[in-house]
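Got your viewer open? Let's take a walk through this model, one selection at a time.

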Amino acid sequence: MNLGERKAVFSLSLIFAFRMLGLFLILPVFTTYGEQLSYSTPTLIGLALGIYGLTQAILQIPFGLLSDKFGRKPMILLGLVLFAVGSVIAATSSSIHGIIIGRAIQGAGAVGSVIIALVADLTSEENRTKAMAVIGLTIGFAFTLSMILGPVLAAIMGISGIFWLTAALAIIGIIFLFVTVPTPQTIIIHRDAETIPSLLKSILINKDLLRLDFGILILHAVLTASFIVLPLYLTQFTGLNLRHQWIIYLPVLILSFIAMLPMIIIAEKFRKMRLMFLLGIGLIIVAELGLGIFPDNAITMGTLLFIFFTAFTFLEASLPSLISKQSPAGSKGTAMGIYSTAQFMGIFLGGIYGGWLLEHFNATAIFFGNAIVCIAWYVIAYTMAEPNYLATRSVKLNPLDHTDSTIVTEQLKQIPGIADVLIIAEEGIAYLKVDTKKLDQEALTKFIENVAKN
């Protein structure tokens, strides 16, 4: 990437990170502090944890579509302002109802899809994959940092202090947006990064993609529901108060990241994705059952959390990769939009059923409930065939008329390794699905050069 692209990607990654930190920091601590709020019940605590997922799920696709009309920066500004307002409402609330309202408004600032679109606007076709990878790494880092810093910050400044910090991060994000992020000269619709309304129906009836959407919904429902009781369990079974629970989270998260790397290598390099995917779901089931039956000391808790986060990290990384593999050419952005909606809806549902189970049964019921929904996920995932190992690429062509685009499409399909082609003639862009192990890159490069000359 050139200097301008690096600057844009770095700045937008920070804005994304600030927002994710604001959402994740309370995850490992809210149950403990939420009990002290007026009118608090376990069900309402779960709702407060998950409500941002509902508003995020409802609004993230509309935010992206509105940014095509009104501009990326104005919509990101609106989202960050909503996020700051929601944070202030939560920070100044002494009741669980105020926290719920604040979290809902936080989620209403659904700018994730707009940031992705702006990254696509500001990077070239050949560097876009790298830019998106940086964004993905930023989200993962924000989550890890939240697990470690959340308990420490909560002990120092309380939940209200975390929400004030979140509001401050939103304001810093606004400053970055207008000081360091370039304004694109033109707004371009990127089919590999944005939702295309005309494609929604075809993606929503695609069984392979729906299976993956169901998976991310369950994965994040289980994560949210688990954290309704994990802070309490860590205190009870390890003797660590909230401030010191990072002592468990830090080594567990580092070791789980290391442990999932061989799973990624086996899945991608040796093309055993289905096997590793089912193994990941199986490990989640084992961890949830173990947390429901065996947690009686720090070693057991640490081991079960290690198993859980190893599987979670692998599945979190693999599901977007599978979406990319399974989505038709030119449909990746739409498929990812629906996928993200399912992810946030899972956060909401996990908070709801986790809080309800804790209130009407006990903490163990949450882990058993999680295991049951993961078993259902395993059964559905078992019907998955070994995916096509196809990467998404887009190449720039000269604007073509309909006749030319039909000819070029057929010619591209003749190049070894290209499985699917969609040409948007008026934009002069070809979206390809390619098998990178079989692709004749030299032939593709020569073909693009010949089309450009003509």
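In which sense do β1 and β3 pair, and over how many bridges? They pair in the antiparallel sense, over six bridges. Before you click further, know that this is a predicted model, where local features need pLDDT of at least 70, side-chain atom pairs count only at pLDDT 80 or more, and totals for chains, interfaces and linings use all residues. Residues are numbered from 1 along each chain as its sequence is written, and side-chain values use heavy atoms, with hydrogens and water left out.

**Stop 1: the sheet**

Two terms first. Helices (H or I, at least four residues) and strands (E, at least two) are DSSP runs, numbered from the N terminus. Two strands pair if DSSP finds at least two bridges between them.

Now select β1 (residues 391-396), then β2 (residues 418-424) and β3 (residues 429-434). You get an open sheet of three strands in the order β1-β3-β2, with antiparallel pairing. β1 and β2 stand at the edges with a single partner strand each, so one side of each has no neighbour in the sheet. Ignoring direction, neighbouring strands here are turned by 20° against each other on average (angles run from 0 to 180 degrees between N-to-C directions, and axes are lines fitted to C-alpha atoms, for helices over the stretch in contact).

Zoom in on β2 and β3, which pair over six bridges, again antiparallel. Click along β2 and look for the partners in β3: Asp 420 has Lys 433, Leu 422 has Tyr 431, and Ile 424 has Ile 429. These two strands form a hairpin with four residues between them, and Gly 428 in the turn has a positive phi of about 65°. On the β1 side, Ala 391 has Val 434 of β3 as its bridge partner.

Is β3 buried or exposed? Six of its six residues are buried, so β3 is largely enclosed by the rest of the structure. Buried means under 20% relative accessible area, exposed over 50%, and partly exposed in between (1.4 Å probe, protein chains only). Colour the two faces separately: Ile 429, Tyr 431 and Lys 433 are on one side, Ala 430, Leu 432 and Val 434 on the other, and both faces are covered.

**Stop 2: Thr 392**

Next, select Thr 392 in β1. Thr 392 counts as buried because its relative accessibility is 19%. Show its side chain and you can draw two polar contacts: one of 3.3 Å to the side chain of Ser 324 and one of 3.2 Å to the side chain of Lys 433. A polar contact is a pair of N or O atoms within 3.5 Å; within protein, one must be able to donate a hydrogen and the other to accept it, and residues adjacent in sequence count only if both atoms are side-chain atoms. Leaving out residues up to four places away in sequence, Thr 392 touches Ser 324, Lys 332, Leu 432 and Lys 433 (contact means heavy atoms within 4.5 Å).

**Stop 3: helix α15**

Select residues 363-382, which make up helix α15. How far apart are its end C-alpha atoms? They are 29 Å apart, which agrees with the 28 Å that its 20 residues should span at 1.5 Å a residue (the expected span is 1.5 Å times one less than the number of residues). At the start of α15, a side-chain oxygen of Asn 362 comes within 3.2 Å of the backbone nitrogen of Thr 364. Buried residues in α15 include Phe 367, Cys 374 and Trp 377. Among the helices covering the buried residues are α12 (273-293), α13 (298-326) and α14 (332-360).

Just before it, Phe 361 sits in the loop between α14 and α15. Phe 361 is exposed, at 54% relative accessible area.

**Stop 4: helices α4, α1 and α7**

Jump to helix α4 (residues 72-91). Its buried residues, including Met 75, Ile 76 and Phe 83, pack against α1, α3, α5, α6 and α7.

Add α1 (residues 3-24) and α7 (residues 128-179), which pack at about 35° with their axes 4 Å apart. By class, their contact has 22 nonpolar, seven polar and no charged residues. Here Ala, Val, Leu, Ile, Met, Phe, Trp, Tyr, Cys and Pro count as nonpolar, Asp, Glu, Lys and Arg as charged, and the others, Gly among them, as polar.

**Last stop: two loops**

Finish with Tyr 39, in the loop between α2 and α3. Tyr 39 is exposed at 62%, and its phi is near 65°, a positive value in a residue other than glycine. Then pick Arg 271, in the loop between α11 and α12: its phi is positive too, near 55°, and Arg 271 is partly exposed at 22%.
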